[in-house]
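Ready for some practice in reading a fold? Keep the viewer open and try each task before you look at its solution.

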Amino acid sequence: MSAGLFVSFEGIDGSGKSTQARMLHDHLRGEGRDAILTREPGGSPGAEEIRALVLNGATDRWSPETELLLFTAARRDHLERTVRPALAAGQIVICDRFADSTRMYQGLRGAGLRAQVDALHDLMIGQEPDLTILIDIDAGAGLARALARGGEGRFEAFGADMQARMRAGFLALAEEFADRFAVIDGAQAPEAVAADVRAAVAERLP
Ligand code: TYD
């Protein structure tokens, strides 16, 4: 049993979740709480190296199955080196994306892939966040934001249709794991979204 609190942020590309994760981190630190901000893929030196492999290059650089293995390898390293030690030390871990992103981005890419995602998760990860904040936004608005910003590119290249399936998929996940999900309207002004996020986290804090 860890003393800390594990909070993940999820959402489609351009949902604003990274901004919100940063704002929550700043807020908690401002309250004097011991919180760290981390991200996936990445969050440890080895996982950041895998991030560079998996996010750059042509859309067909990796098969969906290889990609799933790379994301899971990155997650395992991140868990071992960053997340679990922080939770054991009683810290609040704020993670920009976690396993729900794999359930969506890899799990939705073909028949039977979600089952593989879940099997590999059980085998190699076996941990869920205490709280997952889903920043929900219209697919078109998210894509426009993501394209305007640039970024690593490989995933944004999947297009509007995929974004829409992803949004619906995240909302379905929130129902599947209703006990740990909080769905927040990402179309609001950033400060209003941040207030909703703070309220959801406050319920879980000691
Ligand atoms: P991220 O840095 O969060 O990008 P953004 O800020 O644009 O949302 O994530 C990079 C990309 O990696 C994003 O398109 C989602 C994808 N991804 C997966 O496909 N599977 C995963 O397991 C994770 C964690 C991310």
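Below are three exercises on this predicted model, each with a worked solution.

**Exercise 1. The two sides of a helix**

Task: Find the buried residues of helix H2 (residues 45–55), and work out why they are on the same side of H2.

Solution:
- Start with burial, taking under 20% relative accessible area as the cut-off. In H2, Ala-47, Ile-50, Arg-51, Val-54 and Leu-55 are buried.
- Next, look at their directions around the helix axis. They span an arc of only 115°, so they share one side of H2.
- The spacing fits a general rule: an α-helix has 3.6 residues a turn, so residues three or four places apart point the same way.
- Now turn to the other side of H2, where Pro-45 and Glu-49 are exposed.
- Then ask what lies over the buried residues of H2: the cover includes strand S2 (35–39) and helix H3 (64–88).
- Finally, step past the end of the helix. Gly-57 follows H2 and has a positive phi, near 100°.

**Exercise 2. An enclosed strand**

Task: Decide how many residues of strand S3 (residues 92–96) are buried, and find which strands pair with S3.

Solution:
- Count first: 5 of the 5 residues of S3 are buried, so the strand is largely enclosed by the rest of the structure.
- Sort them by direction. Ile-92, Ile-94 and Asp-96 point one way, while Val-93 and Cys-95 point the other way, and all are buried.
- Look for the partners. Strand S1 (residues 5–10) runs parallel to S3 and is joined to S3 by 5 bridges; S2 also pairs with S3 in the parallel sense, over 5 bridges.
- Check one residue pair for each. Phe-9 is opposite Asp-96 of S3, and Ile-36 has Val-93 of S3 as its bridge partner.

**Exercise 3. Around the ligand**

Task: Describe the shell around the ligand: which residues are the closest, and which helix gives the most?

Solution:
- Begin with the shell. The ligand is surrounded by 17 residues, the closest being Arg-51, Arg-97, Thr-102, Tyr-105 and Gln-106. Arg-51 is also one of the buried residues of H2 from the first exercise.
- Assign the shell to helices. Helix H1 (17–30), H2, H3 and helix H4 (99–105) each supply at least two residues, and H4 gives the most, with 3 residues.
- List polar distances to ligand oxygen atoms. A polar side-chain atom of Asp-13 is 3.0 Å from one, a side-chain N or O atom of Lys-17 is 3.0 Å from one, and a polar side-chain atom of Thr-102 is 2.5 Å from one.
- Close with the area: alone, the ligand exposes 540 Å², and the protein buries 93% of that.

Technical notes. Residues are numbered from 1 along each chain as its sequence is written. This is a predicted model: local features need pLDDT of at least 70, side-chain atom pairs count only at pLDDT 80 or more; totals for chains, interfaces and linings use all residues. Side-chain values use heavy atoms; hydrogens and water are left out. Buried means under 20% relative accessible area, exposed over 50%, partly exposed in between (1.4 Å probe, protein chains only). Helices (H or I, at least four residues) and strands (E, at least two) are DSSP runs, numbered from the N terminus. The arc is that of the directions from the helix axis to the C-beta atoms. Contact means heavy atoms within 4.5 Å. Two strands pair if DSSP finds at least two bridges between them. A residue is near a molecule or strand if one of its heavy atoms lies within 4 Å of it. A polar contact is a pair of N or O atoms within 3.5 Å; within protein, one must be able to donate a hydrogen and the other to accept it, and residues adjacent in sequence count only if both atoms are side-chain atoms. Accessible areas come from the Shrake-Rupley method with a 1.4 Å probe; for residues, only the protein chains shown count as cover.
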